[in-house]
Amino acid sequence: MVNLLDFDAAALTDWFVQQGEKPFRAKQVLRWVHRFGVTDFDQMTDVAKSLRAKLATTACITPPVPVRDSISTDGTRKWLLDVGNANAVETVFIPETNRGTLCISSQAGCALDCAFCSTGKQGFNRNLSAAEIIGQLWLANRMLGANGDGERVISNVVMMGMGEPLANFDNVVSALNLMLDDNAYGLSRRRVTVSTSGIVPAMDRLRDACPTALAVSLHASNDALRDKLVPINQKYPLRELMAACRRYLERAPRDFITFEYVMLDGVNDSDAHARELVALTRDVPCKFNLIPFNPFPNSGFDRSPAPRIKRFAEILIDAGIVTTTRKTRGDDVDAACGQLAGQVTDKTRRVASRIVPIVEQPR
């Protein structure tokens, strides 16, 4: 049986045509599946009974299965979702006064091995299917009480969970198409953010295929340091990454790139690093989101002290760069940025070493 969560509008239309059905059936079914969260075809009352009977024998609507549901003292909610073959991924909902943000995973584990990220330490097994990606939004809507009447519980989606979204390009774009589709979730492109560590060719593809808001995990101000913290930089160095950011802005729904920058005590948080960032991004309209490092066992890093983060931010702000410091949310249930680990059968066969530059930098 085919899982209808795997299909965006174009793919579902093609599938219905192959079944000898009218193309407009795709819009009907999309509404029932995604807007109303229906899994029983008999409840799709504006769909012909003959088609409902056919769907019952040829298709299913199967999201990932939640195996753990944790709620932080600050209201952040994290689900551990079973995706089969001894693998589980994590999804996080962050409630705020004026919005609700869902952080979605794209892979079981991650192969990019960023030095400060818990997910990277778990290794990598496989890409998630489109159904497993959009299924996180489908499931969170249901568990948070969304009923399809127009009230949004989840107003924003960020592809910042486990994995590198642009390393699973086709499935991520299919899920993005559903997030943006008015017959499904109807989110604005400005309210859907894809985060990448800097896979330059895929950034260009995303710009052409499905431009959304873009966040780049920068975390270093020069190539020598970024090569160690974010190893993909060895393939796509900062000069190429900044050029790709400028190209992306030609079609982006927002007129800036968000640079994510985790603050690591004595590693990347000096005044000199901040001044390097000002020079690096001079020709890239951007804002910076400074992320106090969220510790996890055996990380080898410490969080920059609050006064140091404040001083770092002041240098960027004085240079005219919009800069915010992310409030840590959900760290008591390991739901904060960089802490998502899930449960992964590591098939990466990586060398079991990690370069961690613990070098005190001048203040």
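Me: Which hand does the crossing of helix 1 and helix 2 have?

Reply: In this predicted model, the crossing of helix 1 and helix 2 is right-handed. The contact behind that crossing is formed by Ala9, Leu12, Thr13 and Phe16 on the side of helix 1, and by Arg25, Ala26, Val29 and Leu30 on the side of helix 2. Sorted by class, the residues of this contact are six nonpolar, one polar and one charged.

Me: Why are helix 1 and helix 2 called oblique to each other?

Reply: Helix 1, residues 9–18, and helix 2, residues 25–35, pack at an angle of about 125°, and their axes are 9 Å apart. Roughly perpendicular covers 65 to 115 degrees and roughly antiparallel begins over 145, and an angle of about 125° falls in neither range, so the two helices are oblique to each other.

Me: What makes helix 6 roughly parallel to helix 7?

Reply: The axes of helix 6 and helix 7, the latter spanning residues 200–209, come within 12 Å and cross at roughly 30°. Because angles under 35 degrees count as roughly parallel, helix 6 is described as roughly parallel to helix 7. Their crossing is right-handed, and the contact is made by Phe169, Asp170, Val173 and Leu176 of helix 6 together with Ala202, Arg205, Leu206 and Ala209 of helix 7. By class, that contact holds six nonpolar residues, no polar ones and two charged ones.

Me: What makes helix 2 mostly covered?

Reply: Eight of the eleven residues of helix 2 are buried, where buried stands for a relative accessible area under 20%. The buried residues are Arg25, Ala26, Gln28, Val29, Leu30, Trp32, Val33 and His34. Among the elements that cover them are helix 1, helix 3 (49–58), helix 5 (130–143) and helix 6 (169–180). Just after helix 2, Gly37 takes a positive phi of about 70°.

Me: Why is Arg31 called partly exposed?

Reply: Arg31, which has its place in helix 2, has a relative accessible area of 29%. Since buried requires a value under 20% and exposed a value over 50%, Arg31 at 29% lies in between and is therefore partly exposed. Leaving aside residues up to four places away in sequence, Arg31 touches Phe36 and Asn183. Arg31 and Asp181 are 150 residues apart in sequence, yet 9.8 Å apart in space from C-alpha to C-alpha.

Me: How many disulfides does a search of the whole structure find, and why do Cys245 and Cys286 not form a bond?

Reply: The search of the whole structure finds zero disulfides. The sulfur of Cys245 has its closest cysteine sulfur in Cys286, at 8.7 Å, and because a disulfide calls for a pair of sulfur atoms within 2.5 Å, that is too far for a bond. Seen from the other side, the closest cysteine sulfur to that of Cys286 is in Cys245, again at 8.7 Å.

Me: How do you know that Cys245 and Cys286 are buried?

Reply: Cys245 has a relative accessibility of 0% and Cys286 has a relative accessible area of 15%. The cut-off for buried is under 20%, so Cys245 counts as buried, and Cys286 is likewise buried.

Me: What makes the phi of Asn85 worth a remark, and why is Asn85 called exposed?

Reply: Most residues other than glycine have a negative phi. Asn85, by contrast, has a phi near 55°, a positive value in a residue other than glycine. Asn85 is found in the loop between strand 4 (77–84) and strand 5 (87–95). Its relative accessible area is 66%, and because exposed means over 50%, Asn85 is exposed.

Me: Where is His219, and is His219 buried or exposed?

Reply: His219 has its place in the loop between strand 11 (213–217) and helix 8 (223–229). His219 also has a positive phi, of about 70°, although it is not a glycine. With a relative accessible area of 5%, set against the limit of under 20%, His219 is therefore buried.

Me: What does the secondary structure of the protein come to, and how much of the protein do buried residues make up?

Reply: The secondary structure comes to eleven helices and 14 strands. Buried residues make up 56% of the 363 residues in the protein. Of the contacts with a separation of 6 or more, 69% are accounted for by residues 24 or more positions apart.

Note on methods: Residues numbered from 1 in each chain as written. Predicted model: local features only at pLDDT ≥ 70, side-chain atom pairs only at ≥ 80, totals over all residues. Heavy atoms only, no water. Axes fitted to C-alpha atoms, helices over the stretch in contact; angles between N-to-C directions. Helix = DSSP H or I, 4+ residues; strand = E, 2+ residues; numbered from the N terminus. Left-handed = near helix turned anticlockwise from the far one by under 90°. Contact = heavy atoms within 4.5 Å. Nonpolar A, V, L, I, M, F, W, Y, C, P; charged D, E, K, R; others polar. Buried < 20%, exposed > 50% of the residue type's maximum accessible area, 1.4 Å probe, protein only.
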